[in-house]
Amino acid sequence: MTTIKRFINNLTLRNKLLVFFLLASVIPLLAISVYFYQVFQNQLVTQTHDRMRTMNSQITSNINNKIKNYEQISSLLYMDSQLRDLLIQNYKKGIDIVHAYDYINSLLFGIQLTNSDIDSITIYPFNESIPSDGLFIRHVDEQMKAENWYKELQKSYGNAVYNVMIKRDEKQYDITLARLMNNHDSLHPYGILTIDVKESAIYSLFGHEAQASDIYVVNHEGIILSTRDKSKILQPINNVLDDGDWPARGSGTFERTVNGLDSLIVYDTMPNGWKTVSIIPLRNVLSEAYKSSSRVLVIAAISLLLSIVLIATTARYFSNRFKTLTRFVRKVGEEDFRFEMKQDSKDEIGLLSESFNTMKRRLDKMINEVYKKEISRKEAELALLQSQINPHFLYNTLAIISSLAIQNQDKQVGKIVRHLSNFYKTSLSKGKSIILIQKEVEITRHYVEIQLTRFHNLFRMHWQLDEELFKHQTIKVILQPFVENAMHHAVWNDHEPLNIIIRLYRKNNAICFEIVDDGAGMSSARVADIMRRDKEAGYGISNVHGRIQLAYGPEFGVSVFSRLGIGTQFVITIPII
């Protein structure tokens, strides 16, 4: 997030406007496109579900009606008493067989003639006295008895049984309807009736829907009976769907991957256990959605291109105006006030330019009349102060006094002057504001030695210093004012010496100076006055606190703890540098 913010902040105004305008136009446009595409896609899928259910139900109804027609034909033959008598009669004369053939051939040929989708009708009589004519009359052989449908037929009690496809030639498949002829006397069946229906008759019921989707008719065992791809006939439907589990009855829809494509599958179950299964790839369903989304994308691209041109033109216009304003701002920064911005517009940028002209004139007047005069006065005062207090002159003077004191054998005066000389030499530090902590401690030691010479038995100094911290830096003269404060204000008994402890230690990632005395202590009001920079209360302590916070930040500075009659503790906290 920080990287993105930094990147945006570093962009020029023109590029910022381009980015923001593009995001403001592209994101809503893309969101609208995706939304309408999803809505359109869902509507197409829903409509396809409904259409396929209706189509599949209609196909199922057509096939079921066709099968009922074949069952009615079989029922006519099943209920024909004359046909039954001819099939159970014991033939001994050839003329009787000829008469039987005439009736049977005429009857079955007439049925085939009126039903062109019936490929053949065959009767298998159990009466061995009637010979086979090779066309309508045949006898059951051992191969036929081994078929599953034949065994199933023995338990059908005269109901129709549909067997698996039989292949009559390389191009034609038939669906066989078989029926046991017993005329409600299941104990004495007299033959088997088979009606071979052309597979194309079933397939023709699919209509034009077969061109848009894959439609399969499967039997109760899941074997494909009819479909557009004839090579799949007699194969299990599981080879197509990988997993063909569905309820034994009823209808339904589900989605599954077929041949690597997400597809919609609708199925219906017929009373005889057959199913019609329709499969359509979702890619085909969504082709219209893809076309519509392509049109939307083209329109969006054109709109986006026009938006970019307009946005770039607008961004360039405003960017040039801001560049002009920036150029004049730089001139003011270089103290060049010899110009006047001309703006004809009254918009926000025009008002900003007018305000800038006004500010420029006032700033020019202030610099010329106030600022430069004040700088000159300060420079003069500083020069005078430097001439009055010359560090080198001070060092030399103190050195002369120290030499004279030593020559006159006044060692105490020489010691005081030497400490005073070193005190000012270190504290002035050639004009530097930052010194080593070691130097800061030396300044305080020189000051203490001078005060101990004056007040010999009034103070006891205790130094607890971590000399490992001497190599770090600090702003100068932050320790001595607190020692001075203790010596001047903490003494409350002239007969008891004042103990002053000076500690230097490291605490977490900071350096701490701690000044503790067992003197008179202060009230909370007095502590507040000291930290408030009250001159009467003592300006040096608050000055140190302010300089530390100015140099290092508000998390550093001076903290005070004091109790009347017990003592005072000052803690100075600075960063490790």
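Two strands count as paired when DSSP finds at least two bridges between them. With that in hand, here are the close-up views, all taken from a predicted model.

**View 1. The whole chain, before zooming in.** The protein chain has 577 residues, and 40% of them are buried. Its secondary structure comes to 18 helices and 17 strands. Looking at contacts with a separation of 6 or more, 61% join residues 24 or more positions apart. The accessible surface is about 34000 Å², with 55% of that belonging to carbon and sulfur atoms.

**View 2. Strand S10 and its two partners.** Strand S10 covers residues 275-281, and 7 of its 7 residues are buried. One side carries Lys275, Val277, Ile279 and Pro281, the other Thr276, Ser278 and Ile280, and both faces are covered. Strand S9 (residues 261-269) runs antiparallel to S10 and is joined to it by 7 bridges. To find this pairing on your screen, look for Thr269, whose bridge partner in S10 is Lys275. Strand S6 (residues 214-218) also pairs with S10 in the antiparallel sense, over 5 bridges. Here Asp214 stands opposite Ile279.

**View 3. The turn between S9 and S10.** These two strands form a hairpin with 5 residues between them. Within this hairpin, have a look at Gly273, which takes a positive phi near 95 degrees.

**View 4. The largest nonpolar core.** In soluble globular proteins, nonpolar side chains tend to be buried together. The largest nonpolar core in this model holds 37 residues, and the members that touch the most others are Ile500, Ile548, Ile572 and Ile574. Elements giving two or more residues to this core include helices H15 (437-454) and H18 (539-552), along with strands S14 (498-507) and S17 (567-575). A second, separate core has 26 residues, among them Tyr91, Ile104, Tyr190 and Leu193.

**View 5. Around Ile500.** Leaving out residues up to four places away in sequence, Ile500 touches Phe459, Arg460, Met461 and His462. Its other contacts on the same terms are Ala486, Met487, Ile515, Val516 and Asp517.

**View 6. Leu498 in strand S14.** Leu498 lies in strand S14. Is Leu498 buried or exposed? Its relative accessible area is 3%, so Leu498 is buried, the cut-off being under 20%. Leu458 is 40 residues away along the chain, yet its C-alpha atom and that of Leu498 are separated by 6.1 Å. Beyond its neighbours within four places in sequence, Leu498 is in contact with residues including Leu458, Phe459, Ala486, Val491 and Gly519.

Conventions: Residues are numbered from 1 along each chain as its sequence is written. This is a predicted model: local features need pLDDT of at least 70, side-chain atom pairs count only at pLDDT 80 or more; totals for chains, interfaces and linings use all residues. Side-chain values use heavy atoms; hydrogens and water are left out. A nonpolar core is a set of buried Ala, Val, Leu, Ile, Met, Phe, Trp, Tyr and Cys residues joined through side-chain atoms within 4.5 Å. Buried means under 20% relative accessible area, exposed over 50%, partly exposed in between (1.4 Å probe, protein chains only). Helices (H or I, at least four residues) and strands (E, at least two) are DSSP runs, numbered from the N terminus. Contact means heavy atoms within 4.5 Å. Accessible areas come from the Shrake-Rupley method with a 1.4 Å probe; for residues, only the protein chains shown count as cover.
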